[in-house]
There are 2 protein chains.
Amino acid sequence: MHIDYDLLITYGGIAKKISKGEIVFSENSIPRYYYQVIEGSIKIYSSNKQGKELIQDIYTKGQSFGEPPLLLNKNYLISAEAQEDSVIVVLKKENFLQILNEHNDTQQNLIKDLAERVYNNTVAAQILANPLPEEKIIKFLNQLIDKNIITKNTPIPYTRQQIANHIGLRVETVIRSLNKLQQEGKVKIINRKLHYL
Amino acid sequence: MHIDYDLLITYGGIAKKISKGEIVFSENSIPRYYYQVIEGSIKIYSSNKQGKELIQDIYTKGQSFGEPPLLLNKNYLISAEAQEDSVIVVLKKENFLQILNEHNDTQQNLIKDLAERVYNNTVAAQILANPLPEEKIIKFLNQLIDKNIITKNTPIPYTRQQIANHIGLRVETVIRSLNKLQQEGKVKIINRKLHYL
DNA sequence: CGCTCGTTTGAGAGGACTCAAGGTAGGTGG
DNA sequence: CCACCTACCTTGAGTCCTCTCAAACGAGCG
(Lines give C-alpha, C1' and ligand atoms only; values in the text may rest on other atoms or scores of the structure.)
Protein backbone atom coordinates (compact mmCIF):
# COMPACT_ATOMS: atom_id res chain seq x y z
CA MET A 1 0.00 0.00 0.00
CA HIS A 2 1.19 3.44 -0.83
CA ILE A 3 -0.55 6.76 -0.38
CA ASP A 4 0.73 9.92 -2.00
CA TYR A 5 2.89 11.88 0.42
CA ASP A 6 1.11 15.18 -0.13
CA LEU A 7 -2.23 13.53 0.42
CA LEU A 8 -1.01 12.08 3.71
CA ILE A 9 0.14 15.49 4.86
CA THR A 10 -3.10 17.11 3.74
CA TYR A 11 -5.02 14.72 5.94
CA GLY A 12 -2.87 15.40 8.96
CA GLY A 13 -0.07 12.92 8.51
CA ILE A 14 3.16 13.70 10.35
CA ALA A 15 6.66 12.65 9.38
CA LYS A 16 8.64 11.15 12.22
CA LYS A 17 12.24 10.07 12.67
CA ILE A 18 12.78 6.61 14.05
CA SER A 19 16.24 5.59 15.17
CA LYS A 20 17.65 2.16 14.51
CA GLY A 21 16.26 -0.29 17.02
CA GLU A 22 13.36 1.93 18.02
CA ILE A 23 9.94 0.31 18.31
CA VAL A 24 7.04 1.73 16.30
CA PHE A 25 4.43 -0.49 17.88
CA SER A 26 4.55 -3.72 19.79
CA GLU A 27 2.67 -6.95 20.23
CA ASN A 28 -0.67 -6.71 22.03
CA SER A 29 -0.95 -2.97 21.78
CA ILE A 30 -3.95 -1.25 20.22
CA PRO A 31 -3.60 0.11 16.67
CA ARG A 32 -4.34 3.81 16.34
CA TYR A 33 -2.36 4.91 13.31
CA TYR A 34 -1.60 4.22 9.71
CA TYR A 35 2.14 4.04 9.02
CA GLN A 36 4.07 4.54 5.82
CA VAL A 37 7.82 4.36 5.33
CA ILE A 38 9.49 7.41 3.80
CA GLU A 39 13.08 6.38 4.30
CA GLY A 40 14.81 3.38 5.82
CA SER A 41 13.27 0.02 6.67
CA ILE A 42 10.90 -1.36 9.27
CA LYS A 43 10.98 -4.94 10.46
CA ILE A 44 7.77 -6.70 11.43
CA TYR A 45 8.35 -9.63 13.74
CA SER A 46 7.16 -11.70 16.64
CA SER A 47 9.04 -13.59 19.31
CA ASN A 48 8.15 -16.93 20.80
CA LYS A 49 8.59 -18.03 24.40
CA GLN A 50 12.12 -19.21 23.78
CA GLY A 51 12.95 -15.72 22.60
CA LYS A 52 13.40 -16.83 19.02
CA GLU A 53 12.47 -14.07 16.64
CA LEU A 54 10.37 -14.69 13.56
CA ILE A 55 10.63 -11.96 10.95
CA GLN A 56 7.32 -11.76 9.15
CA ASP A 57 8.05 -8.89 6.81
CA ILE A 58 10.31 -5.96 6.10
CA TYR A 59 8.90 -2.74 4.68
CA THR A 60 10.88 -0.10 2.86
CA LYS A 61 10.47 3.23 1.10
CA GLY A 62 6.90 3.93 0.06
CA GLN A 63 5.30 0.95 1.75
CA SER A 64 2.78 1.00 4.54
CA PHE A 65 2.54 -1.55 7.31
CA GLY A 66 0.29 -2.72 10.11
CA GLU A 67 -3.07 -2.06 8.44
CA PRO A 68 -4.78 -5.40 9.02
CA PRO A 69 -5.21 -5.08 12.79
CA LEU A 70 -6.05 -1.40 12.32
CA LEU A 71 -8.87 -2.25 9.93
CA LEU A 72 -10.12 -5.13 12.04
CA ASN A 73 -10.02 -3.38 15.41
CA LYS A 74 -7.81 -6.08 16.81
CA ASN A 75 -4.61 -5.77 18.77
CA TYR A 76 -1.28 -6.15 17.04
CA LEU A 77 0.08 -9.67 16.99
CA ILE A 78 3.48 -8.47 15.93
CA SER A 79 5.98 -5.73 16.67
CA ALA A 80 7.48 -3.16 14.32
CA GLU A 81 11.05 -2.00 14.74
CA ALA A 82 13.35 0.21 12.69
CA GLN A 83 16.17 -1.81 11.19
CA GLU A 84 18.12 1.35 10.51
CA ASP A 85 17.56 5.05 11.06
CA SER A 86 14.29 5.69 9.27
CA VAL A 87 11.55 8.20 8.60
CA ILE A 88 7.89 7.27 8.60
CA VAL A 89 4.62 9.12 8.22
CA VAL A 90 2.11 8.62 10.99
CA LEU A 91 -1.55 9.23 10.29
CA LYS A 92 -4.47 8.96 12.68
CA LYS A 93 -6.76 6.04 12.01
CA GLU A 94 -9.83 8.23 11.45
CA ASN A 95 -8.00 10.26 8.86
CA PHE A 96 -6.77 7.14 7.12
CA LEU A 97 -10.31 5.82 6.91
CA GLN A 98 -11.40 9.19 5.59
CA ILE A 99 -8.84 9.00 2.79
CA LEU A 100 -10.13 5.55 1.92
CA ASN A 101 -13.65 6.86 1.75
CA GLU A 102 -12.91 9.94 -0.24
CA HIS A 103 -10.47 8.45 -2.71
CA ASN A 104 -11.72 5.40 -4.49
CA ASP A 105 -8.37 4.63 -6.07
CA THR A 106 -6.90 4.28 -2.59
CA GLN A 107 -9.31 1.48 -1.86
CA GLN A 108 -8.27 -0.31 -4.98
CA ASN A 109 -4.63 0.08 -4.09
CA LEU A 110 -5.31 -1.30 -0.66
CA ILE A 111 -7.06 -4.31 -2.15
CA LYS A 112 -4.13 -5.00 -4.44
CA ASP A 113 -1.70 -4.61 -1.62
CA LEU A 114 -3.53 -6.87 0.77
CA ALA A 115 -3.96 -9.46 -1.94
CA GLU A 116 -0.24 -9.35 -2.46
CA ARG A 117 0.43 -9.91 1.20
CA VAL A 118 -1.85 -12.90 1.29
CA TYR A 119 -0.09 -14.21 -1.77
CA ASN A 120 3.32 -13.73 -0.19
CA ASN A 121 2.12 -15.34 3.02
CA THR A 122 1.20 -18.42 1.05
CA VAL A 123 4.79 -18.74 -0.02
CA ALA A 124 6.04 -17.97 3.45
CA ALA A 125 3.91 -20.74 4.93
CA GLN A 126 5.32 -23.21 2.45
CA ILE A 127 8.81 -22.19 3.44
CA LEU A 128 8.15 -22.48 7.15
CA ALA A 129 6.44 -25.85 6.78
CA ASN A 130 9.24 -27.32 4.71
CA PRO A 131 11.37 -29.65 6.83
CA LEU A 132 14.53 -29.42 4.73
CA PRO A 133 16.82 -26.46 5.54
CA GLU A 134 18.30 -26.29 2.07
CA GLU A 135 14.93 -26.16 0.38
CA LYS A 136 13.83 -23.51 2.83
CA ILE A 137 16.77 -21.34 1.92
CA ILE A 138 16.36 -21.81 -1.82
CA LYS A 139 12.67 -20.98 -1.66
CA PHE A 140 13.42 -17.98 0.48
CA LEU A 141 15.94 -16.71 -2.03
CA ASN A 142 13.54 -17.32 -4.89
CA GLN A 143 10.95 -15.30 -3.06
CA LEU A 144 13.39 -12.43 -2.65
CA ILE A 145 14.00 -12.51 -6.38
CA ASP A 146 10.26 -12.51 -7.11
CA LYS A 147 9.85 -9.49 -4.87
CA ASN A 148 12.75 -7.74 -6.60
CA ILE A 149 14.64 -7.47 -3.35
CA ILE A 150 17.67 -9.26 -4.73
CA THR A 151 18.94 -10.30 -8.14
CA LYS A 152 21.11 -13.22 -9.11
CA ASN A 153 24.85 -12.88 -8.88
CA THR A 154 24.82 -9.93 -6.54
CA PRO A 155 25.56 -9.96 -2.80
CA ILE A 156 22.50 -10.66 -0.69
CA PRO A 157 21.91 -7.93 1.91
CA TYR A 158 21.01 -10.21 4.79
CA THR A 159 23.07 -11.57 7.63
CA ARG A 160 22.95 -15.30 8.31
CA GLN A 161 20.99 -14.51 11.42
CA GLN A 162 18.37 -12.55 9.50
CA ILE A 163 17.93 -15.38 7.04
CA ALA A 164 17.54 -17.77 9.96
CA ASN A 165 14.89 -15.56 11.53
CA HIS A 166 12.96 -15.37 8.30
CA ILE A 167 12.71 -19.07 7.72
CA GLY A 168 12.66 -20.48 11.23
CA LEU A 169 16.11 -21.97 11.57
CA ARG A 170 19.15 -21.39 13.76
CA VAL A 171 22.16 -19.49 12.48
CA GLU A 172 24.43 -22.51 12.59
CA THR A 173 22.02 -24.53 10.50
CA VAL A 174 21.82 -21.77 7.92
CA ILE A 175 25.61 -21.62 7.69
CA ARG A 176 25.99 -25.35 7.34
CA SER A 177 23.22 -25.52 4.76
CA LEU A 178 24.74 -22.69 2.77
CA ASN A 179 27.97 -24.64 2.60
CA LYS A 180 26.15 -27.61 1.16
CA LEU A 181 24.35 -25.38 -1.31
CA GLN A 182 27.66 -23.95 -2.38
CA GLN A 183 29.02 -27.44 -3.01
CA GLU A 184 25.97 -28.13 -5.10
CA GLY A 185 26.72 -25.00 -7.05
CA LYS A 186 23.49 -23.25 -6.14
CA VAL A 187 24.97 -20.35 -4.27
CA LYS A 188 28.40 -18.81 -4.08
CA ILE A 189 30.06 -17.29 -1.06
CA ILE A 190 32.66 -14.67 -1.91
CA ASN A 191 34.43 -13.60 1.24
CA ARG A 192 31.38 -14.13 3.35
CA LYS A 193 29.02 -12.37 0.98
CA LEU A 194 26.28 -14.66 -0.21
CA HIS A 195 25.42 -14.76 -3.92
CA TYR A 196 22.53 -16.65 -5.44
CA LEU A 197 23.30 -18.22 -8.79
CA MET B 1 -15.45 -12.28 1.44
CA HIS B 2 -19.10 -12.82 0.77
CA ILE B 3 -21.22 -11.55 -2.08
CA ASP B 4 -24.96 -11.78 -1.99
CA TYR B 5 -26.19 -14.88 -3.81
CA ASP B 6 -28.73 -13.05 -5.96
CA LEU B 7 -26.13 -10.52 -6.97
CA LEU B 8 -23.78 -13.30 -8.05
CA ILE B 9 -26.52 -14.85 -10.16
CA THR B 10 -27.47 -11.50 -11.64
CA TYR B 11 -23.92 -11.04 -12.82
CA GLY B 12 -23.78 -14.46 -14.41
CA GLY B 13 -22.64 -16.63 -11.53
CA ILE B 14 -23.41 -20.31 -11.85
CA ALA B 15 -23.94 -22.79 -9.02
CA LYS B 16 -21.96 -25.97 -9.41
CA LYS B 17 -21.87 -29.26 -7.55
CA ILE B 18 -18.46 -30.48 -6.49
CA SER B 19 -18.07 -34.02 -5.24
CA LYS B 20 -15.84 -34.90 -2.33
CA GLY B 21 -12.25 -35.05 -3.48
CA GLU B 22 -12.87 -33.11 -6.66
CA ILE B 23 -10.40 -30.36 -7.55
CA VAL B 24 -11.69 -26.81 -8.11
CA PHE B 25 -8.37 -25.45 -9.27
CA SER B 26 -4.82 -26.58 -8.89
CA GLU B 27 -1.36 -25.24 -8.37
CA ASN B 28 0.22 -23.35 -11.27
CA SER B 29 -3.01 -22.95 -13.18
CA ILE B 30 -4.31 -19.57 -14.29
CA PRO B 31 -7.14 -17.99 -12.28
CA ARG B 32 -10.23 -17.17 -14.31
CA TYR B 33 -13.06 -17.25 -11.81
CA TYR B 34 -14.29 -15.99 -8.51
CA TYR B 35 -15.49 -18.82 -6.26
CA GLN B 36 -17.89 -18.78 -3.33
CA VAL B 37 -19.00 -21.69 -1.19
CA ILE B 38 -22.75 -22.29 -0.96
CA GLU B 39 -22.67 -25.60 0.83
CA GLY B 40 -19.92 -27.90 2.07
CA SER B 41 -16.25 -27.07 2.52
CA ILE B 42 -13.27 -26.43 0.31
CA LYS B 43 -9.73 -27.15 1.36
CA ILE B 44 -6.88 -24.95 0.16
CA TYR B 45 -3.54 -26.67 0.29
CA SER B 46 -0.16 -27.19 -1.26
CA SER B 47 2.10 -30.21 -1.40
CA ASN B 48 5.84 -30.28 -1.14
CA LYS B 49 8.23 -32.55 -2.99
CA GLN B 50 7.96 -35.26 -0.37
CA GLY B 51 4.22 -35.28 -0.95
CA LYS B 52 3.50 -33.81 2.44
CA GLU B 53 0.36 -31.75 2.31
CA LEU B 54 0.12 -28.35 3.96
CA ILE B 55 -3.43 -27.16 4.55
CA GLN B 56 -3.46 -23.40 4.28
CA ASP B 57 -7.14 -22.76 4.79
CA ILE B 58 -10.59 -24.29 4.78
CA TYR B 59 -13.56 -22.32 3.48
CA THR B 60 -17.17 -23.02 4.28
CA LYS B 61 -20.65 -21.73 3.62
CA GLY B 62 -20.73 -18.14 2.43
CA GLN B 63 -16.99 -17.70 2.08
CA SER B 64 -15.08 -17.03 -1.10
CA PHE B 65 -11.60 -18.28 -1.88
CA GLY B 66 -8.74 -17.86 -4.28
CA GLU B 67 -9.09 -14.12 -4.93
CA PRO B 68 -5.52 -13.00 -4.34
CA PRO B 69 -3.99 -14.63 -7.44
CA LEU B 70 -7.09 -13.63 -9.41
CA LEU B 71 -6.63 -9.98 -8.49
CA LEU B 72 -2.89 -10.04 -9.06
CA ASN B 73 -2.91 -11.89 -12.39
CA LYS B 74 -0.62 -14.53 -10.99
CA ASN B 75 -0.92 -18.28 -11.14
CA TYR B 76 -2.32 -20.19 -8.21
CA LEU B 77 0.27 -21.35 -5.73
CA ILE B 78 -2.19 -23.68 -4.08
CA SER B 79 -4.88 -26.17 -4.94
CA ALA B 80 -8.54 -26.19 -3.93
CA GLU B 81 -10.35 -29.44 -3.26
CA ALA B 82 -13.78 -30.31 -1.91
CA GLN B 83 -13.51 -31.93 1.50
CA GLU B 84 -17.05 -33.21 1.20
CA ASP B 85 -19.79 -32.99 -1.39
CA SER B 86 -20.21 -29.26 -1.88
CA VAL B 87 -21.87 -26.56 -3.92
CA ILE B 88 -20.05 -23.45 -5.08
CA VAL B 89 -20.88 -20.47 -7.24
CA VAL B 90 -18.50 -19.80 -10.10
CA LEU B 91 -18.31 -16.31 -11.54
CA LYS B 92 -16.19 -15.10 -14.42
CA LYS B 93 -13.35 -12.83 -13.44
CA GLU B 94 -14.60 -9.89 -15.55
CA ASN B 95 -17.98 -10.08 -13.91
CA PHE B 96 -16.45 -10.24 -10.48
CA LEU B 97 -14.43 -7.12 -11.20
CA GLN B 98 -17.57 -5.47 -12.49
CA ILE B 99 -19.37 -6.19 -9.24
CA LEU B 100 -16.45 -4.66 -7.36
CA ASN B 101 -16.65 -1.56 -9.50
CA GLU B 102 -20.36 -1.10 -9.34
CA HIS B 103 -20.88 -1.90 -5.67
CA ASN B 104 -18.72 0.07 -3.35
CA ASP B 105 -19.72 -1.94 -0.31
CA THR B 106 -18.30 -5.03 -2.00
CA GLN B 107 -14.92 -3.38 -2.13
CA GLN B 108 -15.07 -2.64 1.54
CA ASN B 109 -16.04 -6.20 2.31
CA LEU B 110 -13.16 -7.43 0.25
CA ILE B 111 -10.76 -5.19 2.15
CA LYS B 112 -12.03 -6.48 5.47
CA ASP B 113 -11.79 -10.02 4.32
CA LEU B 114 -8.29 -9.74 2.94
CA ALA B 115 -7.17 -7.97 6.09
CA GLU B 116 -8.54 -10.87 8.07
CA ARG B 117 -6.64 -13.36 6.00
CA VAL B 118 -3.40 -11.49 6.50
CA TYR B 119 -4.14 -11.39 10.20
CA ASN B 120 -4.81 -15.11 10.31
CA ASN B 121 -1.69 -15.79 8.30
CA THR B 122 0.32 -14.00 10.93
CA VAL B 123 -0.89 -16.50 13.48
CA ALA B 124 -0.36 -19.39 11.11
CA ALA B 125 3.25 -18.36 10.53
CA GLN B 126 3.87 -18.28 14.26
CA ILE B 127 2.45 -21.77 14.56
CA LEU B 128 4.51 -23.15 11.72
CA ALA B 129 7.70 -21.55 13.00
CA ASN B 130 7.25 -22.87 16.52
CA PRO B 131 9.57 -25.81 17.13
CA LEU B 132 7.55 -27.40 19.94
CA PRO B 133 4.75 -29.73 18.81
CA GLU B 134 2.66 -29.19 21.89
CA GLU B 135 2.76 -25.43 21.56
CA LYS B 136 1.87 -25.74 17.91
CA ILE B 137 -1.19 -27.75 18.75
CA ILE B 138 -2.33 -25.45 21.52
CA LYS B 139 -1.91 -22.38 19.34
CA PHE B 140 -3.73 -24.10 16.54
CA LEU B 141 -6.64 -24.93 18.81
CA ASN B 142 -6.70 -21.39 20.16
CA GLN B 143 -6.89 -20.11 16.63
CA LEU B 144 -9.83 -22.39 15.90
CA ILE B 145 -11.58 -20.95 18.90
CA ASP B 146 -10.86 -17.38 17.79
CA LYS B 147 -12.32 -18.18 14.41
CA ASN B 148 -15.38 -19.72 16.02
CA ILE B 149 -14.71 -23.02 14.37
CA ILE B 150 -14.66 -24.92 17.65
CA THR B 151 -15.62 -24.21 21.24
CA LYS B 152 -14.18 -25.57 24.43
CA ASN B 153 -15.41 -28.87 25.72
CA THR B 154 -16.89 -30.05 22.47
CA PRO B 155 -15.44 -32.64 20.09
CA ILE B 156 -13.05 -31.16 17.58
CA PRO B 157 -14.06 -31.97 13.99
CA TYR B 158 -10.57 -32.76 12.71
CA THR B 159 -8.75 -35.99 12.24
CA ARG B 160 -5.25 -36.30 13.66
CA GLN B 161 -4.01 -36.26 10.10
CA GLN B 162 -5.77 -33.00 9.33
CA ILE B 163 -4.32 -31.36 12.40
CA ALA B 164 -0.90 -32.58 11.37
CA ASN B 165 -1.32 -31.12 7.88
CA HIS B 166 -2.38 -27.78 9.28
CA ILE B 167 0.60 -27.30 11.54
CA GLY B 168 3.35 -29.12 9.71
CA LEU B 169 3.80 -32.27 11.76
CA ARG B 170 3.39 -36.00 11.20
CA VAL B 171 0.35 -37.85 12.47
CA GLU B 172 2.31 -39.89 14.96
CA THR B 173 3.82 -36.78 16.47
CA VAL B 174 0.39 -35.21 16.82
CA ILE B 175 -0.92 -38.30 18.57
CA ARG B 176 2.00 -38.50 20.97
CA SER B 177 1.80 -34.79 21.71
CA LEU B 178 -1.92 -35.00 22.35
CA ASN B 179 -1.24 -37.70 24.92
CA LYS B 180 1.17 -35.42 26.72
CA LEU B 181 -1.31 -32.56 26.56
CA GLN B 182 -3.93 -34.82 28.05
CA GLN B 183 -1.63 -35.69 30.91
CA GLU B 184 -1.09 -32.00 31.47
CA GLY B 185 -4.84 -31.58 31.56
CA LYS B 186 -4.99 -29.27 28.58
CA VAL B 187 -7.07 -31.50 26.35
CA LYS B 188 -9.27 -34.48 26.93
CA ILE B 189 -9.70 -37.48 24.66
CA ILE B 190 -13.03 -39.21 25.03
CA ASN B 191 -13.06 -42.37 22.94
CA ARG B 192 -10.82 -40.86 20.34
CA LYS B 193 -12.72 -37.60 20.11
CA LEU B 194 -10.52 -34.67 20.98
CA HIS B 195 -11.80 -31.98 23.37
CA TYR B 196 -10.03 -28.75 24.18
CA LEU B 197 -10.40 -27.67 27.79
C1' DC C 1 -18.50 -60.51 8.54
C1' DG C 2 -15.03 -58.12 6.39
C1' DC C 3 -13.83 -53.67 4.36
C1' DT C 4 -11.90 -49.16 5.05
C1' DC C 5 -10.36 -45.33 7.40
C1' DG C 6 -8.42 -43.45 11.27
C1' DT C 7 -5.77 -44.21 15.44
C1' DT C 8 -2.13 -46.12 18.14
C1' DT C 9 2.35 -48.12 19.68
C1' DG C 10 7.27 -49.43 19.15
C1' DA C 11 11.95 -49.30 17.62
C1' DG C 12 15.53 -47.02 15.24
C1' DA C 13 17.93 -43.33 12.49
C1' DG C 14 18.91 -38.93 11.20
C1' DG C 15 19.57 -34.32 11.66
C1' DA C 16 18.52 -29.76 13.71
C1' DC C 17 19.47 -27.70 17.93
C1' DT C 18 22.33 -26.40 21.86
C1' DC C 19 26.39 -24.89 23.92
C1' DA C 20 30.97 -23.50 23.76
C1' DA C 21 34.85 -21.64 21.60
C1' DG C 22 37.30 -19.26 18.02
C1' DG C 23 37.92 -16.70 13.80
C1' DT C 24 37.41 -12.57 10.76
C1' DA C 25 36.27 -8.09 8.90
C1' DG C 26 35.30 -3.36 9.36
C1' DG C 27 35.23 0.64 12.07
C1' DT C 28 37.10 3.70 15.86
C1' DG C 29 40.27 6.08 18.57
C1' DG C 30 44.68 6.89 20.47
C1' DC D 1 49.31 3.15 11.66
C1' DC D 2 48.17 -0.04 14.86
C1' DA D 3 45.48 -1.95 18.70
C1' DC D 4 41.06 -2.75 19.96
C1' DC D 5 36.06 -3.50 19.76
C1' DT D 6 32.04 -5.25 18.05
C1' DA D 7 29.18 -7.67 15.14
C1' DC D 8 29.02 -11.44 12.42
C1' DC D 9 30.58 -15.81 10.86
C1' DT D 10 32.33 -20.50 11.58
C1' DT D 11 33.39 -25.09 13.50
C1' DG D 12 32.94 -29.07 16.68
C1' DA D 13 30.79 -32.28 19.75
C1' DG D 14 26.89 -34.14 21.83
C1' DT D 15 21.85 -34.42 22.88
C1' DC D 16 17.32 -34.68 21.93
C1' DC D 17 13.34 -35.48 19.50
C1' DT D 18 10.84 -35.69 15.32
C1' DC D 19 10.45 -38.53 11.51
C1' DT D 20 10.31 -42.96 9.33
C1' DC D 21 8.83 -47.50 8.82
C1' DA D 22 6.24 -51.33 10.24
C1' DA D 23 2.59 -53.44 12.44
C1' DA D 24 -1.64 -53.78 14.62
C1' DC D 25 -5.94 -52.19 16.76
C1' DG D 26 -10.66 -50.04 16.84
C1' DA D 27 -14.81 -48.20 14.95
C1' DG D 28 -18.27 -47.61 11.55
C1' DC D 29 -20.70 -49.44 7.63
C1' DG D 30 -22.53 -52.08 3.69
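**Entry 1: the two copies**

What rotation superposes chain A on chain B? I looked this up at the start, keeping in mind that this is a predicted model. A turn of 180 degrees, with 0.0 Å of shift along its axis, lays chain A on chain B at an RMSD of 0.0 Å. The two copies are therefore related as by a two-fold rotation axis. I also noted that the same surface serves both copies, since 100% of the contact residues of chain A recur in chain B.

**Entry 2: where the chains meet**

Next I went to the contact between the chains. I found 38 residues from chain A and 38 residues from chain B taking part in it. The size of an interface is often given as the accessible area lost when the parts come together. Here I read about 3500 Å² buried between chain A and chain B, with carbon and sulfur atoms giving 66% of that area. Which residues of chain A lose the most area to chain B? I wrote down A:Leu77, A:Ile111 and A:Tyr119, which together make up 18% of what that side buries.

I then turned to the polar side of this contact. I counted two salt bridges between chain A and chain B. One of them joins A:Glu135 to B:Lys49, at 3.9 Å from N to O. Eight residue pairs are in polar contact between the chains, with both residues at pLDDT 80 or more.

Which elements build the chain A side? Strand S5, helix H2 (67–72) and helix H4 of chain A each give two or more residues to the side that touches chain B. H4(A) gives the most, with 19 residues. Sorting that side by class, I got 19 nonpolar, twelve polar and seven charged residues.

**Entry 3: two domains in one chain**

After that I stayed within chain A. I saw that chain A is divided into domain 1 (5–125) and domain 2 (130–196). Their C-alpha centres lie 26 Å apart. The contact between them takes ten residues from domain 1 of chain A and eight residues from domain 2 of chain A.

How much area is buried between domain 1 of chain A and domain 2 of chain A? I read about 830 Å², of which carbon and sulfur atoms give 48%. On the domain 1 side, A:Lys52, A:Ile55 and A:Asn120 supply 50% of the area buried against domain 2, more than any other three residues.

I found one salt bridge across this interface. A:Lys147 forms a salt bridge with A:Asp57, and their closest N and O atoms are 3.9 Å apart. The count of residue pairs in polar contact between the two domains is one, with both residues at pLDDT 80 or more.

For the domain 1 side, I noted that strand S5 (53–60) and helix H4 (104–129) of chain A each supply at least two residues. S5(A) provides the largest share, five residues. By class, I listed five nonpolar, two polar and three charged residues on that side.

**Entry 4: salt bridges overall**

Last, I looked up salt bridges in the whole structure. How many are there over all chains? I found 16. I picked out the one between A:Glu67 and A:Arg117, whose closest N and O atoms are 2.9 Å apart. A:Glu67 lies in helix H2 of chain A and A:Arg117 in helix H4 of chain A, so this pair ties together parts that are 50 residues apart in sequence.

Technical notes:
Residues are numbered from 1 along each chain as its sequence is written. Chains are lettered from A and ligands numbered from 1 in the order in which they are written. This is a predicted model: local features need pLDDT of at least 70, side-chain atom pairs count only at pLDDT 80 or more; totals for chains, interfaces and linings use all residues. Side-chain values use heavy atoms; hydrogens and water are left out. Copies are superposed by least squares on the C-alpha atoms of residues with pLDDT of at least 70 in both. Contact means heavy atoms within 4.5 Å. Domain bounds come from an automatic or database domain assignment. Buried area is the accessible area (1.4 Å probe) that two parts lose on being put together, summed over both. A salt bridge is a side-chain nitrogen of Lys or Arg within 4 Å of a carboxyl oxygen of Asp or Glu. A polar contact is a pair of N or O atoms within 3.5 Å; within protein, one must be able to donate a hydrogen and the other to accept it, and residues adjacent in sequence count only if both atoms are side-chain atoms. Helices (H or I, at least four residues) and strands (E, at least two) are DSSP runs, numbered from the N terminus. Ala, Val, Leu, Ile, Met, Phe, Trp, Tyr, Cys and Pro count as nonpolar, Asp, Glu, Lys and Arg as charged, and the others, Gly among them, as polar.
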